[in-house]
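Please open the structure in your viewer and set the display so that single residues can be selected and labelled. The tour below goes from stop to stop, saying what to select and what is to be found there.

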Amino acid sequence: ENGWVYWSNWDGLADATSSIQMQRGLSAVNLATPSIGGTMNVITDPSAVGAGVRYKQEFGNDGFMKSTVSAATGTINGKYSFMGTLVRKKGDGLIKGTWTDAWAYYFGAAYQANPTNRFELYVMGAPQRHGQNLYKQNIGAYSHEYAKSLDDYDPAALEVFKEAEDGRLYNENVNDINGTYQSAGLQWWNGGLHPRYSDQFINERENYYHKPLANLNWYSQLSDNMNLFTTVYYSGGVGGGTGTYGSMGWDYSGPSRVVDWDATIERNKANADGSRGILRNSVNTQWTVGAISKLNYKPTKAVDVNIGLDWRTAEINHFREVRDLLGGAYYRNTASDFWTEEEQKRGLGDKIAYYNTNTVDWLGFYAQSEYSMGRLTAYGMGGYSMISHSYVDHFKDDGTGNELTIESGNIPGFQVKGGAQYSVLENLDVYGNVGYVSKVPIFDNVIDDVNGVKADNPENEKFTSFELGTNWFAEKWTIKLSYYYTKWVDRAISRGVTLENGDYAIIFLTGMNQLHTGLEFEAAYQPASWVRLGLAGAVASLTYLADGTRHHK
């Protein structure tokens, strides 16, 4: 919904990767998805890895230990190849309570069915748990001596913020607990009861997630001048993050307040109407299925034509649930319009606070043609995409006794781009690329899934971009220089507000146009086959062209 990538979900992938490339957004990347800054291409080829078993052991401070085992078969009988990686990572963390308990796995297989058909299967994932140090803190809480050394630090703050006993290792999201709360050794997450990480302390903030990804690739040569490449993929996800919910007992003896778990537990036990304060999970479960298919046709030696399809559909569930009742029998919650008074008594694993289901559906097409003859290489590409979003609030009555439902309808977008490269000399190339993208807004800029509000007319973001560059090659030298210009119009930023009449609305900040320009330089010198020296640099100007104007939607 927000377009972010969490690399922690792919921990261990680098151990199985043969190449990671950053390809420019204006380059000939065969995706209907508009790519502005660039596209990351991660290559893991089982057949490219020689047979053998490898073991790597890493050690670090505070009990950090990471063990990696990788095995590969190489190519068997010219048809099969397999490889796999298993990673185990544990550590107490430098900062108090920032422990790590994680696994990672990767499996790849390739099958050459016949000279014209090849299949590849990839499965990867990284189930992990870790304690968090979430909040920003006044520097005096870590070291009064260091705070005094800063010219712009107000000494009066030292009277407000005590210095933590742990110093720089202080974490206000964790606190010790009395061993008498034995039942708290089990907490609810991922659909069942699991042991707490430690009997000595409880983390207010903990993250846990597992997002497996599976790809099945099919490469087929239909004729001497026609090929079909298809990828079918699945990505799942289950997990979330923890926090407090309700009224907690707090300990104010340190530089900032921390949860007093013992006081909270005793107060919950004494309360006649269940727990007053609990630990909750904010859960995100999701699945995505999709297919990317590309038909490549070469009518002449100089011309290459690609036609592609990009389809995917995703469903995401967001809810909170009871993780730990902290001594009480239940927690009373009135979040749902559909619960009876008895159903408002929520136990371990029961949903509270909010529960909604979002969907994102995408369909895209593109056509691309490349020409290469002599010193000239050129390409042109056009793409069209349609995205639709939906939202269901399972706790909110829409006024008719049904769950509140919102649908965006289909929102279209498109992109066109092209470029050319010319070899001025045998060792000197010059190139230029230009493109225009009308990008469909992401889910979060169309529907506010916290309050169930839809934007009336969400604007597409528009990008106009071009780049110019040159590459120079010599026996031992490589030098690259490029200039880029990207104008970003109707950048989509939304904020939720409560209006004077009490209604909730989305505010879109329009007119937030930006101009990004810059120079990038790369040089490499390789005096011998065993040594290579590189130098890279960039200077950029990132400028807002106008102030944002607020519009209610």
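A residue is called buried here when its relative accessible area is under 20%, exposed when it is over 50%, and partly exposed in between. Please keep in mind throughout that this is a predicted model.

**Aromatic pairs**

Begin by selecting Tyr245 and Tyr331, which are both buried, and look at how their rings meet: they form an edge-to-face pair, with 5.8 Å from centre to centre and 70° between the planes. If you then colour the strands, you will find Tyr245 in strand β15 (residues 226-246) and Tyr331 in strand β20 (residues 331-332), so that the pair links distant parts of the chain, 86 residues apart.

The count of aromatic pairs comes to 17. Another of them joins Tyr197 and Phe201, whose ring centres are 6.4 Å apart and whose planes stand at 45°, so this pair is tilted. Is Phe201 buried or exposed? With a relative accessible area of 19%, Phe201 is buried, whereas Tyr197, at 27%, is partly exposed.

**A ring cluster and two charges over rings**

Next, select Phe319, Trp339, Tyr355 and Phe395 together, since ring pairs link these residues into a cluster. While Trp339 is still highlighted, add Arg346, whose charged end sits over the ring of Trp339 at 3.9 Å from its centre. A further arrangement of this kind can be seen by selecting Arg257 and Trp250, where the charged end of Arg257 sits over the ring of Trp250, 3.6 Å from its centre.

**Helix α3**

Now move to helix α3 (residues 261-270) and select its buried residues, which are Trp261, Thr264, Ile265 and Asn268. They cover an arc of only 100° around the axis, which puts them on the same side of α3. Which strands do these buried residues pack against? Show β9 (174-176), β12 (201-203), β17 (258-259) and β18 (277-297), and you will have the strands they pack against on screen. At the start of α3, zoom in on Asp260, where a side-chain oxygen reaches to within 3.3 Å of the backbone nitrogen of Asp262.

**Thr359**

For the last stop, select Thr359, which lies in strand β22 (residues 351-373) and counts as buried because its relative accessibility is 17%. Its side chain is joined to that of Ser390 by a polar contact of 2.3 Å. Leaving aside residues up to four places away in sequence, Thr359 touches Ala314, Glu315, Ser388, His389, Ser390 and Phe443.

How values were computed. Residues are numbered from 1 along each chain as its sequence is written. This is a predicted model: local features need pLDDT of at least 70, side-chain atom pairs count only at pLDDT 80 or more; totals for chains, interfaces and linings use all residues. Side-chain values use heavy atoms; hydrogens and water are left out. Helices (H or I, at least four residues) and strands (E, at least two) are DSSP runs, numbered from the N terminus. Buried means under 20% relative accessible area, exposed over 50%, partly exposed in between (1.4 Å probe, protein chains only). A polar contact is a pair of N or O atoms within 3.5 Å; within protein, one must be able to donate a hydrogen and the other to accept it, and residues adjacent in sequence count only if both atoms are side-chain atoms. Contact means heavy atoms within 4.5 Å. Rings of Phe, Tyr and Trp (its six-membered ring) pair if their centres lie within 6.5 Å; planes under 30 degrees apart count as stacked, over 60 as edge-to-face and the rest as tilted. A charge sits over a ring if NZ of Lys or CZ of Arg is within 6 Å of the ring centre and within 35 degrees of the ring normal. The arc is that of the directions from the helix axis to the C-beta atoms.
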